[in-house]
Every structure is written in structure tokens, then in C-alpha cells.
Amino acid sequence: MKPKPAATKKPGHLPLTERTAYRRLEDVVGCKWSAAVLAAIGRGVARPGQLERFIPGISTKILNERLRKLVDYRLITRTEIAGKVPRTEYALTATGVKLNEIIESIRDLDEEHGIQPEP
């Protein structure tokens, strides 16, 4: 007598915890500017004016929104430096470094394989 094959259970839905994680991820990297901002900071571009010059096409308003969002998600830190001329600098957190490595890997994959949507 042959044993019955185990029934494969179809998933009923995506669990709420996963949906929430995907939504947070989309909120952070779904914006076309977030990856560029993270990559720039990962390359040592730390000050808002430098970031604006380093990332062609980004407006001051969008840059400030992205910086706030990335700080809120604890992917970057914001440091205010006192002095005659106060300044602000940003740096990647440990989590930001991990995400930036993933983003850089995706960029490398694109450069290597020229990923393009089909017409």
C-alpha cells in the first residue's frame, strides 16, 4: 500500500506582519530619491548642500522630506554641529549600511545585466 502524498497547503493570505514590513520598505525605498540619498550618504556625502549637488534633479524640498523620512526610519542619523556657522551632517546607521549594501547590489546587477523592461 502506497503512502498518501502529503497535501500541500495553500497559503490563505499574507500575514499582517509581512504586509506591514513590505509597506514600510515601500515607503522608504519606493520613492525614487531614497536610494540615491542613501547611496550618496554611504559614499561620504554628508551635508544637505553637498547632497543636493551630488544628486542631480533633486529639489531642496524633496531632499529634506527624504532626509526626515530616513531619520524617522533610523536608516540615517542627523547631527547638528555647533560653531560660528552651524551645520548639519548625516550618516548611515548600521541598518542603513545594510540597506545601502542591498541597494548597491541591485545597482551592480543593473549595470552588469542592463535590466530593462520589455517594450
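Reader: Which residue follows helix 2, and what is its phi?
Author: This is a predicted model, in which local features need pLDDT of at least 70, side-chain atom pairs count only at pLDDT 80 or more, and totals for chains, interfaces and linings use all residues. Residues are numbered from 1 along each chain as its sequence is written, and side-chain values use heavy atoms, leaving out hydrogens and water. Helix 2 (helices are DSSP runs of H or I, at least four residues, and strands of E, at least two, numbered from the N terminus) spans residues 34-42. The residue following helix 2 is Gly 44, with a positive phi near 95 degrees.

Reader: How are helix 2 and helix 5 oriented where they pack?
Author: Their axes, lines fitted to C-alpha atoms over the stretch in contact, lie 10 Å apart, at an angle of about 110 degrees. Since angles of 65 to 115 degrees count as such, helix 2 is therefore roughly perpendicular to helix 5.

Reader: Which residues of helix 5 does helix 2 meet?
Author: The residues of this contact (heavy atoms within 4.5 Å) divide into 5 nonpolar, 2 polar and 1 charged. From helix 2 come Ala 35, Leu 38, Ala 39 and Gly 42, and they meet Leu 99, Asn 100, Ile 103 and Glu 104 in helix 5.

Reader: Which side chains of strand 2 are buried?
Author: Side chains alternate along strand 2, with Arg 87, Glu 89 and Ala 91 pointing to a face where they are not buried (under 20% relative accessible area, 1.4 Å probe, protein chains only). Those pointing to the other face are buried, namely Thr 88, Tyr 90 and Leu 92.

Reader: Which residue of strand 2 stands opposite Thr 77?
Author: Strand 1 and strand 2 are joined by a hairpin through 5 residues, and they pair in the antiparallel sense over 6 bridges, where pairing needs at least two DSSP bridges. Opposite Thr 77 in strand 2 stands Ala 91.

Methods. Buried means under 20% relative accessible area, exposed over 50%, partly exposed in between (1.4 Å probe, protein chains only). Axes are lines fitted to C-alpha atoms, for helices over the stretch in contact, and angles run from 0 to 180 degrees between N-to-C directions. Angles under 35 degrees count as roughly parallel, over 145 as roughly antiparallel, 65 to 115 as roughly perpendicular and the rest as oblique. Ala, Val, Leu, Ile, Met, Phe, Trp, Tyr, Cys and Pro count as nonpolar, Asp, Glu, Lys and Arg as charged, and the others, Gly among them, as polar.
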